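User: Hi! Could you walk me through this structure, one question at a time?

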Amino acid sequence: MSRDPDKLEQLIDGLARSQPARRAPDSLQAHVLAQIAFQVQLPWWRKGFAHWPQVARGLFLVASYGFIKLAMAGVVSVIELVRTSDVAGVETLHRTGEAVSATVSLGSLVLHAIPPLWLYSGAAFGFVLYAVLFGLGTFAYRTLYVQR
C-alpha cells in the first residue's frame, strides 16, 4: 500500500460507494412523512417569516416600526415628566441618582488606587479557586452518584 493521499481517498470513496443503501425503519419513515404533512398544512402565519406573503411581511415591518417609535416616544415623555418638578417624589429620585453617582466615583477612585499587579493576581487567584471548586464538585459527583 502506498502512502499517496489520492489513492487512499479513491480507496475510501470506492468502499463507501459500494455499501448497500440502508432503508430507514418504518416507524421513522412514517413519523417523518407525518411531520412533513403537518408542516404543509400549517397556515402561513404559523410558518417562518420567509413563508409569509409579501403584503403581510410589509405590514409587519410597518407595524414593528410604529411600535418601536411609540415605545421610544413613551420613554422620552416619561423622562420629560420626571425632569419636571410636578412629579411627587422627584427629589428622592435626584438624591438617589446623586448617591449612585457618588458610589460609582468612589469605586473608581478605589479601583485606580490598587496596583494593576494586585488586580491581576487577585483575578488569577479567583480563577484558580473557581477551577478547584469545579474539580472538587466533579470529583464529589463521580464519587457519590456515578455507578461503575
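User: How far apart are the centres of domain 2 and domain 3?
Analyst: Happy to help, and please keep in mind that this is a predicted model. The domain assignment places domain 2 at 89–114 and domain 3 at 115–148, with domain 1 covering 49–84. Taken over C-alpha atoms, the centres of domain 2 and domain 3 are separated by 34 Å.

User: Which helices give two or more residues to the nonpolar surface patch?
Analyst: The patch is formed by Leu-106, Val-110, Leu-111, Ile-114, Leu-117, Trp-118 and Leu-119, which together have about 710 Å² of accessible area. The elements that supply two or more of these residues are helix H4 (90–113) and helix H5 (116–144).

User: Is Leu-106 buried or exposed?
Analyst: Leu-106 is part of helix H4 and belongs to that nonpolar patch. Its relative accessible area is 54%. Since the cut-off for exposed is over 50%, Leu-106 counts as exposed.

User: Which residue forms a salt bridge with Asp-13?
Analyst: Good one to look up in the viewer! The partner lies in helix H1 (residues 5–17) along with Asp-13, four residues away, or about one turn of the helix. Asp-13 is partly exposed at 37% relative accessibility, while its partner is exposed at 67%. The N to O distance is 3.1 Å, and the partner is Arg-17.

User: What is the distance between the closest N and O atoms of Asp-26 and Arg-23?
Analyst: The structure has two salt bridges, and one of them joins Asp-26 to Arg-23. Both of these residues are exposed. A salt bridge needs the nitrogen within 4 Å of the carboxyl oxygen, and here the closest N and O atoms are apart by 3.8 Å.

Definitions and conventions: Residues numbered from 1 in each chain as written. Predicted model: local features only at pLDDT ≥ 70, side-chain atom pairs only at ≥ 80, totals over all residues. Heavy atoms only, no water. Domains from an automatic or database assignment. Patch = residues over 30% accessible without salt bridge, like charges linked within 9 Å, V, L, I, M, F, W, Y side chains within 5 Å. Areas by Shrake-Rupley, 256 points an atom, 1.4 Å probe, with all protein chains shown as cover. Salt bridge = Lys/Arg side-chain N within 4 Å of Asp/Glu carboxyl O. Buried < 20%, exposed > 50% of the residue type's maximum accessible area, 1.4 Å probe, protein only.
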